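Please open the model in your viewer and keep the sequence panel beside it, since this tour moves from one selection to the next.

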Amino acid sequence: MNIRTDILLRVYISFGIMVVIALAVVYKMFNIQMVHGEKWAAMADSLSTRYVDIDAARGNIYSVDGSLLATSVPEYDIRMDMYAPGIEEDDVFYSKVDSLAHSLSGFFKDKSATQYSRALRRARSDKNRYFLIKRDVSYQSMKKMRSFPIFNLGIMAGGMIAEQKNKRVLPFDDLAKRTIGYKNENVQPVGLEGAYANYIDGEGGKRLVQRIAGGVWMPVNPEMDVAPVDGADIISTIDIRMQDIAQSALERQLITSNADNGCVIVMEVKTGEVRAIANYTRVAEGTYEEKFNYAIAQSAEPGSTFKLASYLVALEDGKIDTGDIVDTGNGVFRVYNKTHRDSRHGGYGKISVKKAFEVSSNTAITKLIHTYYNESPAAFTRGLHELHLNDKLGLQFPGEGRPLIKTPDSKSWSGLSLTQMSYGYELLMTPLQMLTFYNAVANDGVMISPLFVKEIRRLGNTVERYKARVIDESIASPRTIKVLQEMLLGAVEEGTGKGLKNSLFKIAGKTGTAQMADGAAGYRGRRRYQASFAGYFPANNPKYSMIVVVQNPRNGYYAASVAGPVFSEVAQRIYASDMDMYQGVGGFQMAQASVSPETKAGSMEAAKRLYQEFDLGNAINNDSTLIAYNDTDAVKGKVPNLIGMGLKDALYILGNAGFKVSVNGKGKVVRQSLSAGQEITNNLSIAIELK
């Protein structure tokens with residue numbers, strides 16, 4: 001083979017290889033486009049567009065009286081597409097940009113018109129299609145902004161992009177805050193917000209967004225959004241008026257006693273509905289906040305309030321009767337190496353079982369329980385278990401502390417356990433569990449589980465309705481329950497709770513002062529106490545039961561002087577405002593006068609109820625010689641007419657509408673800073689003048 005032939009052969013081979021490679025490339029392109037074309041097209045599209053979730057507005061939580069405890073308020077981040085269809089041409093944009101800047105400056109008052117204009121022009125030159133103008137804008141403000149120059153060209157043409165967020169708001173601030181609770185990402189749900197999230201959350205929607213320069217995702221077209229479905233509403237058992245009373249009374253006493261923490265629970269006897277639940281923790285000298293739900297979650301040794309259970313078991317077993325005499329001696333009773341003492345130096349000597357309960361004698365109860373159950377302690381603990389004191393209540397939300405009522409089979413049982421337990425040591429209960437037991441005594445022996453949620457509604461229609469679960473139809477015989485009721489009344493009338501007596505109605509209840517263990521040092525460490533009072537009122541026809549617990553008060557520690565004043569104040573204020581508890585109000589003669597008494601604007605229905613209770617008959621009309629009235633007529637989304645109202649009614653209405661209120665003067669409202677009937681805007685502040 002000559003050189004020329006060899007060169008030609010090499011050329012032919014190279015050409016053949018190139019042809020094969022070309023054919024392979026053509027085949028691959030054909031395969032990508034025709035066989036896998038849809039797959040790669042979808043992948044390319046997914047890199048530039050995607051659907052994101054839109055949170056639904058969470059349902060509202062209401063108090064039993066209709067007050068709004070928690071709600072979702074829509075807020076918006078306002079952005080702008082600088083090359084929206086209506087302003088693609090420079091002459092259109094630049095002819096109106098200064099007017100838009102002037103409107104933004106005048107409305108938000110955070111920047112000058114010149115600053116806004118400069119920022120908008122810079123965003124235009126940068127070809128920014130997702131320029132942030134303002135965060136956290138209210139719904140009313142967002143609607144107003146749609147009328148601004150350029151934005152008024154239309155949702156798409158004007159370039160205004162309103163991205164909705166839902167902000168959770170508590171109109172009454174910290175009232176019942178821990179009970180209302182919260183639900184946050186990566187945090188254990190708390191309270192009603194967490195327990196009923198499946199109802200409150202609603203169903204999220206979808207929004208198509210597109211990636212633009214800088215990796216930012218911008219909504220493509222609001223008309224393509226899949227709208228979310230708002231959550232259902234929760235109707236709680238909380239009464240906001242009672243909640244306010246309980247919290248304010250507790251906070252004042254905690255400050256006075258310089259205590260670590262405290263709680264108050266008010267429950268309706270017949271229904272088990274919890275009307276108020278207050279918890280405060282000391283965060284600084286004289287400052288308390290809701291940090292932990294002691295009422296529900298903290299299991300602790302209750303002390304002498306537990307004596308009621310010990311007496312119940314002994315009475316029901318026929319071991320004792322109220323007239324039996326117990327010798328308390330000099331107030332000291334020793335069991336093994338433990339000395340039980342009465343708070344009264346020298347003891348009470350020989351007293352009846354009833355009197356021993358009234359004065360809360362430790363010596364008496366330890367002697368009685370030791371005498372009748374030392375040989376068979378299981379009979380005593382079995383009686384306590386039959387009262388369901390070792391069982392959780394099965395509340396409507398998580399977080400309930402676990403109770404502990406030991407038995408002789410418990411690993412920690414000792415020769416001292418029986419007498420220690422008789423007056424509330426070596427056992428654990430939460431305040432709510434203890435209150436449930438006292439409520440059963442007030443309820444003639446019927447024990448019911450506390451109720452926090454009455455109803456769930458969606459769009460005004462009832463989805464679920466709840467009633468308290470009956471734990472036990474009768475925790476003891478009617479005779480024993482009657483005896484316990486008399487003993488509880490006696491403890492207030494003649495015993496340690498005498499400071500709670502008042503001339504209007506009778507209170508039945510029991511004090512409890514317990515020494516708290518000091519960590520590893522136990523009871524030999526620092527002297528720390530828990531003061532409590534549990535009971536119900538009115539004693540002759542119980543409507544409400546209540547417990548007050550204060551831990552580690554530094555300025556005195558006896559329950560009568562620490563927990564008692566809180567119970568007394570809350571009970572009296574509830575009684576004064578609950579007309580259903582007034583019995584036999586009559587025998588009054590209405591004084592005649594030529595001038596009608598001064599009246600204030602308010603609720604016509606409430607006025608009618610009051611006039612009927614006092615038998616005022618036809619005084620409810622517009623005759624100028626008789627008592628007149630102005631009925632409130634608040635319209636949602638409008639500023640209410642407050643003229644003529646008293647401060648309490650005005651604050652109630654404004655609080656429900658979400659206003660921040662400043663007040664000047666006293667008497668009736670004579671002037672308000674926002675005109676009645678105007679639409680509520682982003683400015684939720686209002687000043688009222690009273691005279």
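A residue is called buried under 20% relative accessible area, exposed over 50%, and partly exposed in between. Select Lys291 to see the term applied: its relative accessibility is 48%, so Lys291 counts as partly exposed. Its side chain meets that of Glu289 in a salt bridge, 3.5 Å from N to O, and Glu289, at 36% relative accessibility, likewise counts as partly exposed. Bear in mind throughout that this is a predicted model.

**The whole chain**

Colour the chain by secondary structure, and 21 helices and 27 strands can be followed along it. Of its 691 residues, 46% are buried, while the surface that the chain exposes comes to about 35000 Å², with carbon and sulfur atoms supplying 51% of that area. Among contacts with a separation of 6 or more, 69% are between residues 24 or more positions apart.

**Salt bridges**

Stay with charged side chains for the next selections; the structure holds 31 salt bridges. Select Asp136 and Lys165, whose closest N and O atoms are 2.6 Å apart. This pair links distant parts of the chain, for Asp136 belongs to strand S4 (residues 131–138) and Lys165 to strand S5 (residues 160–169), 29 residues apart. Asp136 is partly exposed, with a relative accessible area of 45%, and Lys165 is also partly exposed, at 32%.

Move next to Glu273 and Arg275, which form a salt bridge with 2.7 Å between the closest N and O atoms. Are these two residues buried or exposed? Both Glu273 and Arg275 are buried.

Return to strand S5 and select Met160, which lies in that strand and, at 4% relative accessibility, counts as buried. Leaving aside neighbours within four places in sequence, Met160 is in contact with Ile78, Arg79, Met142, Met145, Arg146, Phe151 and Ile155. One of these partners, Arg146, is 14 residues away in sequence, with a C-alpha to C-alpha distance of 7.7 Å from Met160.

**The nonpolar cores**

In soluble globular proteins, nonpolar side chains tend to be buried together. The largest nonpolar core here has 86 residues, and the members that touch the most others are Phe306, Tyr311, Leu384, Leu389, Phe437, Phe452 and Ile475. Helix H16 gives the most to this core, with eight residues. A second, separate core of 34 residues can be shown in another colour, and its members include Ala249, Leu500, Phe505 and Phe537.

Select Tyr311 in the largest core and display its surroundings: beyond its neighbours within four places in sequence, Tyr311 is in contact with Ile320, Val353, Ala356, Phe357, Ala364, Ile365, Leu368, Leu484 and Met487.

**Helix H17**

Two of those contacts of Tyr311, Leu484 and Met487, are among the buried residues of helix H17, which makes this helix a natural next selection. Helix H17 runs over residues 478–493, and at 1.5 Å a residue its 16 residues should span 22 Å; the end C-alpha atoms are 22 Å apart, so the expected and modelled spans agree. The buried residues of H17 are Thr480, Ile481, Val483, Leu484, Gln485, Met487, Leu488, Gly490, Ala491, Val492 and Glu493. To see what covers them, show elements including helix H11 (307–316), helix H12 (353–358), helix H16 (431–442), strand S22 (508–516) and strand S23 (528–537).

From Thr480, draw a distance to Asp317: the two residues are 163 residues apart along the chain, yet their C-alpha atoms are separated by 9.9 Å. Asp317 is found in the loop between H11 and strand S12 (325–327), and it is partly exposed, with a relative accessible area of 40%. Not counting residues up to four places away in sequence, Asp317 touches Tyr373 and Ala379.

**A nonpolar patch at the surface**

For the last stop, select Leu647, Leu651, Val661 and Val663, which make a nonpolar surface patch of about 260 Å². Which elements supply at least two residues each to the nonpolar patch? They are helix H21 (647–657) and strand S25 (660–665). Leu651 has its place in helix H21, and with a relative accessible area of 37% it is partly exposed.

Terms used:
Residues numbered from 1 in each chain as written. Predicted model: local features only at pLDDT ≥ 70, side-chain atom pairs only at ≥ 80, totals over all residues. Heavy atoms only, no water. Helix = DSSP H or I, 4+ residues; strand = E, 2+ residues; numbered from the N terminus. Buried < 20%, exposed > 50% of the residue type's maximum accessible area, 1.4 Å probe, protein only. Contact = heavy atoms within 4.5 Å. Areas by Shrake-Rupley, 256 points an atom, 1.4 Å probe, with all protein chains shown as cover. Expected span 1.5 Å × (residues − 1). Patch = residues over 30% accessible without salt bridge, like charges linked within 9 Å, V, L, I, M, F, W, Y side chains within 5 Å. Salt bridge = Lys/Arg side-chain N within 4 Å of Asp/Glu carboxyl O. Core = buried A, V, L, I, M, F, W, Y, C linked by side-chain atoms within 4.5 Å.
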